[in-house]
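Biologist: Could you take me through one part of this model up close? I'd like to hear how the strands in one sheet are arranged, what packs against them, and then how a single residue sits there.

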Amino acid sequence: MIQLPVFRSCLLRRPFATLRPTLPLTALAAHNLLGREKVRVLLETFHSYSLHRSLMTLRRPLAMLLLAGATALSSCTTVRQGEVGVKRTLGRLDQQIVVSGPKTFNPFLTTIIKVPVTTQNLEIRSSLPSKEGLSIASDISILYRVKADQVPNVLQTTGLAYENILILPVFRSAAADVCARYFAKDMHSAERSVIEKAILTQMNGVLTTRGFEIENVLLKNIALPAGLAKAIEDKLESEQEALRMEFLKQRETRDAERRVIEAEGQKRIAVVRATGEQEAAIIQARGKAEAMRIEAQAVRLTNQLINRDLSPAVLRYKSIEAFRELAKSQNSKTIITGGGSTPIVNMLAQ
């Protein structure tokens, strides 16, 4: 093998800025991409070999080859928002994650694996067992996300196919365990949210330590067997009819209670009215008795006054006045004195 002599170029003593105008387009591109020092090394190598006369014919192809090789030694990729990257160099994963933005790497030695860390929706259709031993078909949405700081561990232990390797088996196991505790009709009632939360809790108990967070488990489009669905519908209709009859019974009971209350109210009103009338009559009778008593006392007092004031002299005077008045009358009169002082008068009309 012939060794080529190495010649030191006088260009090394010249500043690098003076070489740039004479560089071809590919060299300028290499300068912009690789930097000043790498281009300087390449030019020194190329110039030392180009001074040898036997390589003069290979000058341009060799420069192109060297520049292409140097350019291929560096590549660039972009980690988007909602992703993290992990560098894998010669099969070894870097434990430091790569955040969003442009990243350069050596494509021959290094690969950047991108993993989304936003919420992912895994849609599946599965058969869920019930307490009666039936299989209930349902569409299920599993909302999950990969923890950003656990991405290297996920790639190391599970790989990129973590949905089929880890998440789906854990869900099927948790769903079979939880749904077997409930009847098929419970999946159509308010118990469905309880079932979803129980599956979510059981899945997080397994997957949290593996770098995953299950945010929600949604059971959708639950399809019951035809016979069971008809039985549930009949039962619901019977329950609705029973509820309707119970409502009618309660309404009639309320109406009867209302009528009883009204009757009791009327009775109380009559009692109060009769009591009032009785008390009024008693008060009225008492008033009359009291009036009669007062009137009798007045008559007695009057008689006492009269008896006290009517002396025999007064009575004779009144008799004389009565005789005088009788004497003035034109009618026929019969006066009987009876020997007393008071006359008994019998007058006959003329």
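Modeller: Let's look at the open sheet built from three strands, which come in the order β6-β7-β8 with antiparallel pairing. Keep in mind that this is a predicted model. The edges of the sheet are β6 (120–129) and β8 (212–223), each of which pairs on one side only. Neighbouring strands here are turned by 25° against each other on average, direction ignored.

Now zoom in on the pairing of β7 with β8. Strand β7 covers residues 135–146, and nine bridges join this strand to β8, the two running antiparallel. If you want one pair to click on, try alanine 137, whose bridge partner in β8 is alanine 223.

Next, the helices. Helix α5 (residues 162–179) lies across β6, β7 and β8, and runs at about 40° to β6. Helix α6 (residues 191–207) lies across β7 and β8, running at about 145° to β8.

For the single residue, let's pick asparagine 216, which is part of strand β8. Is asparagine 216 buried or exposed? Neither, quite: its relative accessibility is 31%, so asparagine 216 counts as partly exposed, since that label covers values between 20% and 50%. Setting aside neighbours within four places in sequence, asparagine 216 is in contact with Ser141, Ile142, Leu143 and Leu200. Also have a look at isoleucine 199: this residue and asparagine 216 are 17 residues apart in sequence, and their C-alpha atoms are 9.1 Å apart in space.

Note on methods
Residues are numbered from 1 along each chain as its sequence is written. This is a predicted model: local features need pLDDT of at least 70, side-chain atom pairs count only at pLDDT 80 or more; totals for chains, interfaces and linings use all residues. Side-chain values use heavy atoms; hydrogens and water are left out. Two strands pair if DSSP finds at least two bridges between them. Helices (H or I, at least four residues) and strands (E, at least two) are DSSP runs, numbered from the N terminus. Axes are lines fitted to C-alpha atoms, for helices over the stretch in contact, and angles run from 0 to 180 degrees between N-to-C directions. Contact means heavy atoms within 4.5 Å. Buried means under 20% relative accessible area, exposed over 50%, partly exposed in between (1.4 Å probe, protein chains only).
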